[in-house]
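Reader: Hey, got a minute to walk me through this model?

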Amino acid sequence: MTNTTVQAVKERLDNGEQLNIIDVRESAEYYNDNIGAILLPLSKLRNFDSENLEEIQEQEIIVHCQSGKRSLEACMLLEQMGFTHVVNMEGGILAWREAFGDANI
């Protein structure tokens, strides 16, 4: 697992990169604000439910949550499931809001 910043992720998105971003918050949090990520709550990952992510198992997957704590756990779980290039977005949506304001894409 590696770490990245919200600034690096935003720059890559702004440059048009197609990123595999997973949001591990719960549904209500996701619908309040999201950055275009796939919703896969940590509660499902804890049951080793990766919801058909196998097709991107060898690709880079950026994981985020509200503050960075749940995403760290999610990254470790994904690695245990065999995902090879897992990246934790430090600070989560809170850091995104602080840096860029609105967290809706």
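Author: Sure, here is a quick tour by question and answer. It is a predicted model, where local features need pLDDT of at least 70, side-chain atom pairs count only at pLDDT 80 or more, and totals for chains, interfaces and linings use all residues. Residues are numbered from 1 along each chain as its sequence is written, and side-chain values use heavy atoms, with hydrogens and water left out.

Reader: OK, how many salt bridges does the structure hold?

Author: The structure holds 8, a salt bridge being a side-chain nitrogen of Lys or Arg within 4 Å of a carboxyl oxygen of Asp or Glu.

Reader: Which residue does Arg-70 form a salt bridge with?

Author: Glu-29, with the closest N and O atoms 2.8 Å apart. Arg-70 lies in helix H4 (residues 69-80) and Glu-29 in helix H2 (residues 27-32), so the pair ties together parts that are 41 residues apart in sequence. Helices here are DSSP runs of H or I with at least four residues, strands are E runs with at least two, and both are numbered from the N terminus.

Reader: And where do Asp-14 and Lys-10 lie?

Author: Both are in helix H1 (residues 6-14), 4 residues apart, about one turn of the helix. Their side chains meet in a salt bridge at 3.0 Å, N to O.

Reader: Is Asp-14 buried or exposed?

Author: Asp-14 counts as exposed because its relative accessibility is 56%, while Lys-10 counts as partly exposed at 24%. The cut-offs are under 20% relative accessible area for buried, over 50% for exposed and in between for partly exposed (1.4 Å probe, protein chains only).

Reader: What about Arg-25 and Asp-23, buried or exposed?

Author: Both are buried. Arg-25 and Asp-23 form a salt bridge with their closest N and O atoms 2.7 Å apart, and they are linked with Asp-33 and Arg-97 in a network of salt bridges.

Reader: Switching topic: where is Ile-61 found?

Author: Ile-61 sits in strand E4 (residues 60-64) and is buried, with a relative accessible area of 0%.

Reader: What does Ile-61 touch?

Author: Leaving out residues up to four places away in sequence, Ile-61 touches Asn-20, Ile-22, Ile-56, Phe-83, His-85, Val-86 and Val-87. Contact means heavy atoms within 4.5 Å.

Reader: How far apart are Ile-61 and Cys-75 in space?

Author: They are 9.0 Å apart, C-alpha to C-alpha, and 14 residues apart in sequence.
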